[in-house]
Amino acid sequence: MKIATLAPRLALCGLLGLCAAAPALAADDAFPSRPIHLIVPFSAGGQFDFLARLVAKPMSKNLGQSIIVENVGGAGGNVGGAKVAASKPDGYTLLEYGGNFAIAKYLSPGLSYDPVADLEPVGAISIAPHVILASKSLPAKTFKDMVAYAKANPGKLSYGSPGVGTSMHLTFEEVRKHFGFQATQIPYRGGSNMLNDLAGGQIGVGIVAVAPALPFIQSGKIRAMAVTGKERAPSLPDVPTISELGYQGFDSGSWAGIAVPKGTPQKIVDRLNQAINAALHDPEVLQRFHELSFQALPGTPEQFHKMIDEEAQRYGPVVKALHLVQK
């Protein structure tokens, strides 16, 4: 159709108010046309916050719009999760999504939203192993020493985790059960306070992601006894894996990705996924990942969805077995 012929029709269409869909389609085609908000569901300074800010820069460059990182902590990440789930599904409000949301479905079934069904996976960012740590005050220098100490002193060993129902808590319980020793969990609100208490000798053992523990390990304040990934962490090459220590095939870690509200158009999801994957090939991002033992996880929305499902299937039964379901 010629422009001269089309113009009167558009004028009539606008006069009669019958073309409401046209601007939406144009805006959709131009996505993104304004800044994007990336919600980090935890406080500033932690692993999630670090990852969000690291990938936001190359993603912003790829998308041609700024990405504003906003920390919305509380309720184990569910305050931020609920905010994004209730947002308009237009691609302008993103959630940094981690394994905590897959676990929350079982841990807190009374949530105001479904942390799996109400959010749409866009793409994974990275995974990093956990590390099992010991205070210098603990009379055990290696993982095997710790197991022997716990068996010889029932009820004396305590371990700190970043919180009840976190992947670190559930990972340690899997390890504890396999090796047959007793240990009492002391839950913290995040890993930083736990690391400080571990360094101060208030607790004997702790488990957290590798990245926040590195400064404490490198300064000699705490000892790294084992990592939970299937391979040794690049930043801790001398620390054995749980698999090497006798739990063959064991593999666990903290992963993160990006999700959007359910109902976001597929072409917007695909565009955001493309920007994530481009960021995960950025040399600066990859260098920082290597330094902190993160593994980049470029892939499709479907692959990220599968990862979420596998996390839920793995830890759902553990939550139930430990009677952690919150009313």
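A residue is called buried when its relative accessible area is under 20%, exposed when that area is over 50%, and partly exposed in between, as found with a 1.4 Å probe on protein chains only. The legends below describe a predicted model, in which local features need a pLDDT of at least 70, side-chain atom pairs count only at pLDDT 80 or more, and totals for chains, interfaces and linings use all residues. Residues are numbered from 1 along each chain as its sequence is written, and side-chain values use heavy atoms, with hydrogens and water left out.

**Figure 1. The salt bridge between E244 and R232.** A salt bridge is a side-chain nitrogen of Lys or Arg within 4 Å of a carboxyl oxygen of Asp or Glu. Side chains of opposite charge can pair when their charged atoms come close. In the pair shown here, the closest N and O atoms of E244 and R232 are 3.0 Å apart. Both E244 and R232 lie in the loop between β8 (222–227) and β9, so the pair ties together parts that are 12 residues apart in sequence. R232 counts as partly exposed, at 38% relative accessibility, and E244 is partly exposed as well, with a relative accessible area of 47%. Helices and strands in these legends are DSSP runs numbered from the N terminus (helices H or I, at least four residues; strands E, at least two).

**Figure 2. Salt bridges within helices α3 and α11.** The whole structure holds 8 salt bridges. In one of them, the side chains of R53 and D49 meet with an N to O distance of 2.9 Å. R53 and D49 both belong to helix α3 (residues 47–63), where they are 4 residues apart, about one turn of the helix. D49 is buried, with a relative accessible area of 7%, whereas R53 is partly exposed at 42%. The side chains of E291 and R288 also form a salt bridge, with an N to O distance of 2.6 Å. E291 and R288 are 3 residues apart, about one turn of the helix, in α11 (residues 283–291). E291 is partly exposed at 34% relative accessibility, and R288 is partly exposed at 32%.

**Figure 3. The surroundings of T264 in the loop between β9 and α10.** T264 follows strand β9 (253–261) and precedes helix α10 (266–279). With a relative accessible area of 7%, T264 is buried. The side chain of T264 reaches the backbone oxygen of P261 at 2.7 Å. When neighbours within four places in sequence are left aside, T264 is in contact (heavy atoms within 4.5 Å) with P89, D90, G91 and V269.

**Figure 4. The largest nonpolar core and a second, separate core.** A nonpolar core is a set of buried Ala, Val, Leu, Ile, Met, Phe, Trp, Tyr and Cys residues joined through side-chain atoms within 4.5 Å. The largest core has 52 residues, and those with the most contacts inside it are M59, L133, L236 and L272. Helix α3 supplies the largest share of this core, 8 residues. Apart from residues up to four places away in sequence, L236 touches V131, V210, L214, I217, A224 and V227. The second, separate core has 23 residues, including A140, Y159, M168 and F250.

**Figure 5. The largest pocket and its lining.** On a 1 Å grid over the protein atoms alone, a pocket is an open set of points with protein on both sides within 12 Å along at least five of seven lines, while a cavity is a set of points where a 1.4 Å probe fits but cannot get out; lining residues have an atom within 4 Å of a point. Grid points are joined across faces, edges and corners, and a volume is the space filled by probe spheres set on the points. The largest pocket has a volume of about 1200 Å³. Of its 48 lining residues, the closest to its centre are F42, P162, T166, G190 and G191. Helix α5 supplies the largest share of the lining, 5 residues. Other elements that each supply at least two residues include α3, α7 (167–179) and β9.

**Figure 6. The largest cavity and its lining.** The count comes to 1 cavity of 30 Å³ or more. The largest cavity has a volume of about 40 Å³. Its lining includes Y97, P115, E120, A259 and H305. Strand β4 (119–135) and helix α12 (301–321) each supply at least two residues of this lining.

Notes:
Polar contact = N/O pair within 3.5 Å; in protein donor to acceptor, adjacent residues only side chain to side chain.
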